[in-house]
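Here is my note on the structure, set out as numbered points. Please read it with the structure open.

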Amino acid sequence: MSGGVEIGVRVVSIEQATPTVKRFSLAARDRSPLPVFSAGSHVVVAMDADDRRIKNPYSLIDRSADGSTYRIGVLRTPQSRGGSVFMHDRVEVGSELTITMPVNLFPLNRTGRKHLLIAGGIGVTPIYAMAEELARQSFAYEIHYAMRDAAHGAFADELVARHGDKVRLYRDDCQEVIAVDRILPHQPLGTHLYVCGPEGMIDAILKGGRAAGWPEENLHAERFLAPPGGSPFALTLAKAGITTEVRSDQSLLEAIEAAGVDAPFLCRGGACGQCETTVVSCDGELVHNDHFLSDEEKASGTKIMTCVSRLKGRELVLDL
Amino acid sequence: MLVSNIKSRPVYGGLKVDVAARRHLVAAEGEGALAVIDAFGAHPEALARTTLLYAAGGSAGEDHAARLAAFRPDDLFVMPSQPTLITRLNVILNTATMGTRLYAAGVEGFIGSVVAAGMAHGVDQASIRTEHRGSLARRVQCVHCKGMTENVTVSPVTCSHCGIPLLVRDHYSRRLGAFQGVSIDAETPGDVPPAEELYA
Ligand code: FES
């Protein structure tokens, strides 16, 4: 089933954390406690815009002590398909949204003896939750958090207040960069690294890990891939016998859902593999934006990840 | 009498040198030395960054220490027994850094001890490179008295601690590096089938 059980929520408070980041507290509409989640989990938030339903994944920051609310952090990205802009401009205290049950694709490795948490920009949200959990369980950890400037560190003050000298902050405007070549080579055996942030930063950190001789098993990343928009195209779902259109501001998966077909997904960010779908035929070029399929699979043109990828062309026929 | 198809049976992927590693920490026992010679013979450049621990085989096989010394690894520790080797390994693991890759070659019980030592230091089991060489002898833990019996090649086997005849199962504990032995005549005491050579 797609995304599993859904929970109806209401926005109970909104903080403007930075000029571009808002934090939303969500409570169940029926006031029941929200499920406990493990650090690194995300939920998929469904937003009902005027003419369509947008679904975006957001990492959970925390759950209030009484279990009544979750917090998520949302960066306003104007060039996206509109989900974050909707959250910023249209959602107010009292607004109703729907979320999926938490899913964790970025868990802490509990056999590790030390944990290095590395965040860039809004990638700090899962890292924040992980740091809380590590502190609670008295694990050894370090936090490295890179931000554009002081005003854009959505969690800098809170992190320093809660984790003290375990936190290192890096400001782009002061030319401060996370020196992977100095940090990584000397970490004790049994250290795990977790990085979340912009694409280029993740790649640089992972590359630094490999250069320092770290095994893949100890390198963990979560990429925040917003599905890019593109030109509209025709979509046919062969099994369901439905033909519809994928709009320029819609993801393929959203268009499938809008046509009333329940397609599988978990991360909606091109990482988990859940939404892999067989391409029956296509008139045009597949634009693969995921991190799941191998290069050969992408080149073969027989598979597509519907959450982030689309077609540049006229018509796509899927085995759904 | 063999109880198989139990998933916990370990798989040994072979002693492949990870050229990305900054340091190679290699533990070998008995015929395991030959796996080290094969793997590192193909990567002589890695030897300058290699620490090698070796104990000659307890049961069978010749001593390969001289051949390993001729390899001129950065560091070579020839240890008198498997337990002393594991003690030395633990000392090295205590101060090792993330660029270190752990390797184990030899009989199953030995590989199990090396993997367990690595895991106790937080090393992910999937990143430990292993190769089985030499006898198929197993290290068996009696589930009744918890005593370990080394170099087991037959089943049933008599527990070297409490004396109960044990069926050697394929159920393997990674933490203990040992196979499980369970009483074979619990239902009808004294009804013990003849021992079969299974893991010679
Ligand atoms: S839903 Fe995870 S890859 Fe598409």
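Is Arg133(B) buried, partly exposed or exposed? Arg133(B) is partly exposed, at a relative accessible area of 22%. Bear in mind that this is a predicted model.

1. **The Arg133(B) pair.** Arg133(B) has a salt-bridge partner, Glu131(B), with N to O at 3.0 Å. Glu131(B) is buried, because its relative accessible area of 18% falls under the 20% limit. Arg133(B), at 22%, does not fall under that limit.

2. **A salt bridge between buried residues in chain B.** Arg101(B) and Asp18(B) meet through their side chains in a salt bridge, 2.9 Å from N to O. The pair links distant parts of the chain. Arg101(B) is in strand E4 of chain B, while Asp18(B) is in the segment before E1. The two are 83 residues apart. Arg101(B) is buried, with a relative accessible area of 2%. Asp18(B) is buried too, with a value of 14%.

3. **A partly exposed salt bridge in chain A.** Glu96(A) and Arg29(A) form a salt bridge, and their closest N and O atoms are 3.5 Å apart. This pair also links distant parts of its chain, 67 residues apart. Glu96(A) belongs to strand E6 (residues 96–100) of chain A. Arg29(A) lies in the loop between strand E2 (21–28) and strand E3 (41–48). Glu96(A) is partly exposed, with a relative accessible area of 45%. Arg29(A) is partly exposed as well, at 32%.

4. **Salt bridges overall.** Side chains of opposite charge can pair when their charged atoms come close. How many salt bridges does a search of the whole structure find? The search gives 32 over all chains. Some share partners: Glu15(A), Arg23(A), Asp62(A), Arg71(A) and Glu158(A) are joined into one network this way.

5. **The interface of chain A and chain B.** Which charge pairs cross it? The rule finds 0 salt bridges across this interface. It does find 5 residue pairs in polar contact there, both residues being at pLDDT 80 or more. Chain A brings 18 residues to the contact and chain B brings 17 residues. The size of an interface is often given as the accessible area lost when the parts come together. Here the buried area is about 1400 Å², and carbon and sulfur atoms give 54% of that. On the chain A side, the residues that lose the most area to chain B are Arg113(A), Leu189(A) and Glu217(A). Together they make up 41% of what that side buries.

6. **An aromatic pair in chain A.** The whole structure holds 5 aromatic pairs over all chains. One of them is Phe106(A) with Tyr194(A). The pair is edge-to-face, with 6.2 Å between centres and 75° between the planes. Phe106(A) sits in the loop between strand E7 (103–104) and strand E8 (114–120) of chain A, and Tyr194(A) in strand E11 (residues 191–197), so the pair ties together parts that are 88 residues apart in sequence. Phe106(A) is buried at 1% relative accessible area. Tyr194(A) is buried at 0%.

7. **Around Tyr141(A).** The ring of Tyr141(A) has the charged end of Lys166(A) over it, 5.1 Å from the ring centre. The side chain of Tyr141(A) also makes a polar contact of 2.7 Å with that of His163(A). His163(A) lies in helix H3 (residues 156–163) of chain A. His163(A) is buried, with a relative accessible area of 6%. Beyond its neighbours within four places in sequence, His163(A) is in contact with Ala131(A), Glu132(A), Ala135(A), Tyr141(A) and Ile143(A).

8. **Another charge over a ring.** Arg268(A) lies over the face of Phe265(A), 4.4 Å from the ring centre.

9. **Helix H1 of chain B.** Is this helix mostly covered or mostly uncovered? Helix H1 (residues 32–41) is mostly covered, with 7 of its 10 residues buried. The buried residues are Gly32(B), Ala33(B), Ala35(B), Val36(B), Ile37(B), Ala39(B) and Phe40(B). They pack against strands and a helix of chain B: strand E1 (23–29), strand E2 (50–55), helix H2 (65–70), strand E4 (100–106) and strand E5 (129–132). Strand E4 is also where Arg101(B) of point 2 lies.

How values were computed:
Residues numbered from 1 in each chain as written. Chains lettered and ligands numbered in written order. Predicted model: local features only at pLDDT ≥ 70, side-chain atom pairs only at ≥ 80, totals over all residues. Heavy atoms only, no water. Phe/Tyr/Trp six-rings, centres within 6.5 Å; stacked < 30°, edge-to-face > 60°. Helix = DSSP H or I, 4+ residues; strand = E, 2+ residues; numbered from the N terminus. Buried < 20%, exposed > 50% of the residue type's maximum accessible area, 1.4 Å probe, protein only. Lys NZ or Arg CZ within 6 Å of the ring centre and 35° of its normal. Polar contact = N/O pair within 3.5 Å; in protein donor to acceptor, adjacent residues only side chain to side chain. Contact = heavy atoms within 4.5 Å. Buried area = accessible area lost by both parts, 1.4 Å probe. Salt bridge = Lys/Arg side-chain N within 4 Å of Asp/Glu carboxyl O.
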